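This report walks through one protein model for a reader who is new to structures. Please keep the picture in view while reading, and look up each named element as it comes.

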Amino acid sequence: MKKYLAVFDRYKFSKSTLNYAIQLTQLHEAQLVAVFLDEFNLNIYNSNAFYKAKGIQEDNNRRINKDDLDRQKRADILIQKACDKAKIKYSIHLDTKIAEMELKQESSFADLIIVNKTETFTRFLEKIPSRFIRNILSGVHCPVLVVPDIFKPLDKIVLLYDGGPSSLHAIKMFSYLLPVLKELPVEIVTVNEYYLANLKLPGNKLMREFVKMHFPKAKITVFKGNAEEQIIGHLRNHKENALLVLGAYKRSELSRLFKISMADTMMRELDTPLFIAHS
């Protein structure tokens with residue numbers, strides 16, 4: 001049985017994360033673990049209410065504690081009802097230390113993480129992807145499914161393949177972890193950035209053999225040009241709600257300063273789930 005982690009901020013509960021997690025857990029007869037991250041220095045204690053006049057500070061603290069407990073109870077009930085209705089196995093974890101460290105620890109014992117792309121675990125607004133999302137994508141120990149704010153049932157899979165081992169690793173991990181989704185229409189997209197090159201897949205013979213074994217009905221599309229422009233332009237023309245599979249997120253901190261990851265661009269430009277895995 002596979003173990004999927006659905007990550008939640010107890011102060012900003014993401015219903016789309018829950019809906020995607022329920023759908024995938026139910027389809028694959030997996031176990032869902034709802035992980036609530038509650039980092040003290042990022043939580044509601046940083047709100048202005050905490051810093052009111054000393055004479056009422058204790059009352060404010062008690063009220064904030066009660067509000068937090070009520071919010072957590074409502075989230076727990078929502079998850080319980082949804083999981084019971086879907087007839088899936090589930091458990092709930094409340095992690096109260098450093099959010100990124102807690103999630104990295106949890107990821108060592110999980111098969112997949114599901115998280116909303118807008119999560120920040122801070123009271124401040126951040127651009128997509130937030131520091132938190134970027135750090136977990138490069139640091140956790142299992143693949144991550146980054147989902148949009150609005151849930152839509154999946155009806156197509158797009159595998160991004162550049163001929164490198166990271167993209168092939170991501171495709172393999174998707175095939176192993178979410179095999180039921182392979183029954184949906186599958187498209188393999190690759191972009192050759194050399195304009196004079198032919199339109200063959202990288203590793204043409206071996207890749208086609210691999211595709212025949214794992215995705216026998218897949219459509220193969222090869223473009224020429226800039227990879228990000230071609231892929232985003234192609235996906236914007238889709239009427240289907242596609243799930244994108246890509247690898248090669250992991251880079252050194254220095255490299256990230258000079259080149260934005262394609263995953264970052266996809267999160268900003270497209271409103272679609274991303275399955276991201278790096279070897």
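Accessible areas here come from the Shrake-Rupley method with a 1.4 Å probe. On that basis the protein, which is a predicted model, exposes about 14800 Å², and carbon and sulfur atoms supply 55% of this area.

## Overall make-up

The protein contains 9 helices and 10 strands. Of its 279 residues, 49% are buried. If one takes the contacts with a separation of 6 or more, residues 24 or more positions apart account for 82% of them.

## The sheet

In what order do the strands of the open sheet follow one another? The 10 strands are arranged as E3-E2-E1-E4-E5-E10-E9-E6-E7-E8, and their pairing is mixed. At the edges stand strand E3, residues 89-95, and strand E8, residues 219-224, each of which has a single partner strand, so one side of each is left without a neighbour in the sheet. From one strand to the next, the twist averages 20 degrees.

As a general point, strands of a sheet pair through backbone hydrogen bonds, and they may do so either parallel or antiparallel. One pairing to look for joins strand E4, residues 112-116, to strand E5, residues 144-147; these two run parallel and are connected by 4 bridges. Within this pairing, Val115 stands opposite Val146 in E5.

Helix H1, residues 15-28, packs on the sheet and touches strand E1 (3-9), strand E2 (31-37), E4 and E5, while its direction makes about 170 degrees with that of E1. Helix H7, residues 227-236, also packs on the sheet, where it touches strand E6 (156-160), strand E7 (186-192), E8 and strand E9 (242-246); the direction of H7 makes about 150 degrees with that of E7.

## Strand E9 and its partners

Why can strand E9 be called largely enclosed by the rest of the structure? The reason lies in its residues: 5 of the 5 residues of E9 are buried, so the strand is largely enclosed. Ala242, Leu244 and Leu246 point one way from E9, whereas Leu243 and Val245 point the other way, and all of them are buried.

E9 is joined to E6 by 4 bridges, and these two strands run parallel. In this pairing, Val158 has Leu244 of E9 as its bridge partner. E9 is also joined to strand E10, residues 274-276, by 3 bridges, and again the strands run parallel; here Val245 has Phe275 of E10 as its bridge partner.

## Salt bridges

A search of the whole structure finds 4 salt bridges. The table sets out several of them, including the N to O distance of each.

| Basic residue | Acidic residue | N to O distance |
|---|---|---|
| Arg131 | Glu100 | 2.2 Å |
| Arg134 | Asp264 | 2.3 Å |
| Arg236 | Glu269 | 2.4 Å |

The side chains of Arg131 and Glu100 meet in a salt bridge. This pair links distant parts of the chain, since Arg131 lies in helix H4 (residues 131-139) and Glu100 in helix H3 (residues 99-107), 31 residues apart. Arg131 counts as partly exposed because its relative accessibility is 40%, whereas Glu100, with a relative accessible area of 14%, is buried.

The side chains of Arg134 and Asp264 also meet in a salt bridge. This pair, too, links distant parts of the chain, with Arg134 in helix H4 and Asp264 in helix H9 (residues 262-269), 130 residues apart. Arg134 is partly exposed, having a relative accessible area of 23%, while Asp264 is buried at 1%.

A salt bridge likewise brings together the side chains of Arg236 and Glu269. Here the distant parts of the chain that are linked are helix H7, which holds Arg236, and helix H9, which holds Glu269, and the two residues are 33 residues apart. Glu269 is partly exposed, with a relative accessible area of 41%.

## Cysteines

How many disulfides does a search of the whole structure find? The search finds 0 disulfides. In general, a disulfide is a covalent bond between the sulfur atoms of two cysteines. Cys83 counts as buried because its relative accessibility is 0%, and the cut-off for buried is under 20%. By the cut-off of under 20%, Cys142 also counts as buried, because its relative accessibility is 10%.

How values were computed. Residues numbered from 1 in each chain as written. Predicted model: local features only at pLDDT ≥ 70, side-chain atom pairs only at ≥ 80, totals over all residues. Heavy atoms only, no water. Pairing = 2+ DSSP bridges. Axes fitted to C-alpha atoms, helices over the stretch in contact; angles between N-to-C directions. Contact = heavy atoms within 4.5 Å. Buried < 20%, exposed > 50% of the residue type's maximum accessible area, 1.4 Å probe, protein only. Disulfide = S-S within 2.5 Å.
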